[in-house]
Amino acid sequence: MNPNQALAPPQPFRTRLPGTPRPLRFVASGGISVFVRVMTMVVLVQLLDIGNRTAYEYSVVSTTFLLWGLDRNFTWRRQDGSRVWSAVARLSTEAVGWLVFVGLTRSDVSTPAVGRISMHEVLVDLVSAVVVTFTHLVVCTWLVFGAAQKNSAQSRTARRKAAANTTLARILRGCLVLPMLPLLVVTTHAAYLNRDDVALGMWTAVSLVMLVVAGLTLVRAQYSWQFPERVDHVDLDDRAPARHSFSLIVPAREEPVLGRTLAQVLTGDYPQDLVQLVVVVSDDDVDRETREVAQSFADRYSNVKIVTPGGAIRSKPISLEDARKNCDGDLIGIVDAESLISRGLLSHVNTLAVNHPKTGIFQGGVQLMNFRGEKWRRPASGGPLHALADWFNTGTSWWRARNCMEYYIWFMSRLRYQAVARFIPLGGNTVFVRREVLDQLGGWDVSCLTEDCDLGVRASVAGIETTVFYHPDLTTQEETPESLGKLVVQRTRWMMGFIQVFQKGDWRRLPGLRQRVLAAELLLMPFFQAVAGLALPTSVLLTFLLRGSVGLVIIFWLPLMVMVMMTVTEQAAFREFADAYRLKVGPLDSARLIVSAPVYQLVLSVAAIRAAARLLQGKLEWEKTTHAGAHHVVMLGSSELEGVS
Amino acid sequence: MTTATLPVVDTGTGADLDGIRHGRRLGNVAAGARTRVTAWLLVHWQSIILLTVILVVCGLVHGINRDGWPGRVNDDEGTYTAQAYAMEYWGQIAHYTYWYDHPFGGWLLIAIYTTFTNAFERAPTAVTAARECMFVVHLFSCALLYLLARRLGLRRVFAGVSVLLFSLAPLAVWYQRMVFLDNIAVMWMLAALVCAASPRRSVGSAIWTGVFMAFSFWSKETILVLLPAVYLLLRQNRDPRNWRFVRRSFLGFLTGICGIYLLYAVTKNELFEGSGHVSLIGAIKWQLFDRQASGSLLQAGSSTRSMANLWLQIDPYLLGSGVVAALPALFFGRLRAVAILLLIQVGFMFRNGYMPYAYVTAMLPFAALCVAGMLDVTLPRPLVDRAHRVPIARTALRLVAVGTVATTGLLALSGDWAPKLGTALTADDSKPSRDAARWYIENIPNGHTVVTDDNIWTDLELAGKKPEPIWFYKLDLDPAVRGKMKNGWQDVDYIILGQLTPTILNDLPLVAEGLRHSVVVKSFGNGQIAIRKVIKQGCPADINATPGC
């Protein structure tokens, strides 16, 4: 007997459910719903001594929670339907049920005593439960999941989808909103009457959610330092003989610094016959200069290959896909044209690939270096107002240190946690994927704004192991965006990308519940960041304007306190960062890092709101950040780089 | 003094990662948990058995007759009980205006306990219910002290000795049975120290150190004077690789959670002094500067000196040997922090400040730990490494020293402690107060205004006496109460009080006036506490004959 068989985990209950015929499923789930509903109602009235209408509402809510998952996992198992519309259908039918209940119990307002349920009420509840459950079943069948046609063997799902998308179905779906209107009016009116309480209550809920999110973010930011043994995880002395061949993709678009990057790779310590460079430059006029630079390298080095795809629309994922077909190496890596990879990187990845044959993806560290800006020069033209705007945009550098710290904590700590938790949004470069893994995943999604994150999500779904390593000698050093405006543009793109990946829904197929929760939390980070930026002003306003009870006010402040703890952790990380790269940082830098925290959070909020706006407008094209090579000046210990640049 | 001063236990930090790596199916998690529990039991079974036995002994000594001895000697017990009652029943922080005397975390804990265990409804008196909470707190403190001793490298026997000293000293029984915030603060403090000495040296344990230290502050603010020693322990136990994060997380969480107290005052607009409301700064000023100082330990006749005398009278051994052991303990890395924890508190007694009645409470665990720690240091360990053989004479000397201390200790303690513990287990000194409360509840109908001490106040509240009983301090000191008593002392019908000192009566003119115009209706415990009826002006002395009075 295979010893592994005994150890195999028991199959989850879901997979053991046989393909129950649909009518049976409907009757079963409907029956369960009705039964649970009525029983909850009776128990609530008898136990809690509450009014019957309140008890009805409570029983609806609690049943919804109790039977969470019944619809998706049993009733409409393996059928795709819009979650939004199934929720709308649920709300709509509940509204009908509420109207039925209220209408039928109106006559006996003079119910003898609270806490006793009459037979009449039980019957009414039963009626409305039956109405709700079966209307919901029917509505969902026809309008959300699509009615199945008999004897449609192969493309049943497709037919259902088609059925759910006819014009008639759309109009009927729109009508679902109608039954909700009376309920909506009543609720709005009640909310308006208690608007202070509603505002306080909502903000309390937001604060509690933010507390959890901020707490989790804090713990994950500390992941690498949580235990002392975790800190130094890269052993540079461990070197395996060069075995794997690399294909490095260099997507270039208007990159005058391309030559430096290529030279840096070509003078690296890894055997040149095992390194292939695939430069992607478009063949249009904009990129002529860049193309010439690349061509000059291709003439001199046989392992440099130039791919010049046509096509009007260019973006990084499209370039990567174009290059992928030309890659021959075992490991495919991405090198941004403006970034310099470190000398020992390829040998270390080779070592990791030799030592961990099961690992499919290797993610190295990327580090922004210029935590102080350059000196600002007043623009030659323009009045004082223009100068002020320009100074604020490009002259200030309070945000640069924060940006550097974000990278440091993300690559040093957060990503390592994500790799262990088996849900990882990959970084944009210094990432090496085994070719067979990349082919298995089908390459990059060209329609995605953050193709790196998307690839990571799909790799996580496929259960591919990822190793994250961060060592100051191995990081790819980059520069912060030139100006605050550019930062916002970059962030907007990332956030749009995250929301896009969230909407794509690949993460729903992650194997574990915990992974899915983690994915939702991470991909919705733009949303949380938007709220976080607004948290401080809103909490202050609510504290002083609405005068909530002291307990509530303290709840409002709790997430802010966790954010303060985050800046405290950043202080420690800043010192680590300075030590790791032998940078001189003073107390002024630390102070600036603290003071700038709330403002930076606001900037992120702006980016998040901008991202949401652009998504709603359907603007999905790339806004590219440009690079001037600032880090080449700031970086210490760069003597070996100066020779090449 | 390096990281090597504390024993390093390598608990594989990879374990949790493996759990995540190999899927998260429910069966696997359960199997993993089972293996971990088994491993844990295999490693710790000796400690578990020892600690269980010790906890049973301590539980018996502290549990039996915990209401009877000590008697109701301190009104603070009643105050904290009443405040916990106010939290549970009224949802308010105190039964009268909260004036920032102490942060309210201590009685919040009592209120949580009484709410979940229904203690007020069960116990014969309200203070008994709160003492029940103290009993649980004490058991937790004992377990934490054992854990701390082990983490400081004491052998199991000596860890056990420290817990026994801490729990069985008559001084400890006296103070730890009473409802004092210091007991709660000490429990959190021990929890913080246990986390600070964590062998994993994780950022998480530093965060918990900060959180527990802050809880300790929330229970009794004075505990913050011990902060330097906690920091020292954390620092001794540090690992350079994550010390930056550890340090900042500790201080950050500590300040953050303590800062909620400030935030609370700010939200209620009670931070700064102002007319018509209490204030945090006002309260701090009063505690630090305006409150009458108790004098220094060096001053003969000062209240600090008499307090110290009282402690030594109850039990001279634990405190005395603790202070003696603390001095050499300063020279041993692993005991240094504990010795400093004790000596800081001893040092504060030489300063001319206010000395609370329960001040000694926070000294007891560290005194016990210093004594047991010094014994552990002195007793030679069995040789592992034969190359470093120690001269036999020195080993013999150390054995003799420990033997002598142990024997004299056992002899002296059994002679001195046994009778005292006997009293603690049998004497019912609380009877008068309990009887007075019951008599009043059973014999005086509603509709009479009664002024009482805080021990009985909650009992009358729980019995549903209307109008609300008045805590005697508030009659004079709380403007809100005084405002309701238009005719001064003449609005009072009954007074239930023990003996008050002339100094207290000087501060409370209305109470004094009421007492002067009252006759004793019934007295309990040889006049320890009496129920008095106030004779209003115009009423003859023979009140029973005149119905209107």
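Two residues are in contact if their C-beta atoms, placed from the backbone, lie within 7 Å. By this criterion, residues 24 or more positions apart account for 71% of the contacts in chain B with a separation of 6 or more. The model is a predicted one. Chain B holds 24 helices and five strands. Its C-alpha atoms fill a box of roughly 95 × 55 × 45 Å along the principal axes. The radius of gyration of chain B is 26 Å, which agrees with the value near 24 Å for a compact globule of 549 residues. Of these 549 residues, 42% count as buried.

The interface was examined next. In chain A, 30 residues are in contact with 29 residues of chain B. Three elements give two or more residues to the side of chain A that touches chain B: helix H12 (223-226), helix H13 (228-231) and helix H25 (550-580) of chain A. H25(A) gives the most, with 13 residues. By residue class, this side of chain A divides into 17 nonpolar, six polar and seven charged residues.

Within chain B, helix H11 (residues 227-236) has Ala229(B), Val230(B), Leu233(B), Leu234(B) and Gln236(B) as its buried residues. These cover an arc of only 165° around the axis, so they lie on the same side of H11(B). An α-helix has 3.6 residues a turn, so residues three or four places apart point the same way. The buried residues of H11(B) pack against four helices of chain B, namely H9 (181-196), H10 (203-219), H12 (243-267) and H16 (333-348).

The strands of chain B were then traced. Five strands form an open sheet in the order E2-E1-E3-E5-E4 (chain B), with mixed pairing. Strands E2 (470-471) and E4 (518-524) of chain B stand at the edges. Each has a single partner strand, so one side of each is left without a neighbour in the sheet. Strands E3 (residues 494-498) and E5 (residues 529-534) of chain B pair in the antiparallel sense over five bridges. Here Ile496(B) stands opposite Ile531(B) in E5(B). Helix H19 (residues 431-443) of chain B packs on the sheet and touches E3, E4 and E5 of chain B. The direction of H19(B) makes about 35° with that of E5(B). Helix H20 (residues 454-462) of chain B also packs on the sheet, touching strand E1 (450-452), E2 and E3 of chain B. The direction of H20(B) makes about 135° with that of E1(B). E1(B) and E3(B) pair in the parallel sense over three bridges. Val451(B) has Ile495(B) in E3(B) as its bridge partner.

Local backbone geometry was also inspected. A cis peptide bond joins Trp69(B) and Pro70(B), with omega about -5°. Pro70(B) lies in the loop between helix H2 (26-63) and helix H3 (75-90) of chain B. The peptide bond from Lys466(B) to Pro467(B) is also cis, with omega near -10°. Pro467(B) lies in the loop between H20 and E2 of chain B.

Positive phi values occur at Thr430(A) and Asn526(B), neither of which is a glycine. Phi of Thr430(A) is near 55°. This residue sits in the loop between helix H19 (398-420) and strand E7 (431-434) of chain A. Thr430(A) counts as buried because 27 other C-beta atoms lie within 10 Å, and the threshold is 20 or more. Asn526(B) has a phi of about 55° and lies in the loop between E4 and E5 of chain B. With 7 C-beta neighbours inside 10 Å, Asn526(B) counts as exposed.

Terms used: Residues numbered from 1 in each chain as written. Chains lettered and ligands numbered in written order. Predicted model: local features only at pLDDT ≥ 70, side-chain atom pairs only at ≥ 80, totals over all residues. Nonpolar A, V, L, I, M, F, W, Y, C, P; charged D, E, K, R; others polar. Rg over C-alpha atoms; globule rule 2.2 N^0.38 Å. Buried ≥ 20, exposed ≤ 12 C-beta atoms within 10 Å, placed from the backbone. Arc of directions from axis to C-beta. Pairing = 2+ DSSP bridges. Axes fitted to C-alpha atoms, helices over the stretch in contact; angles between N-to-C directions.
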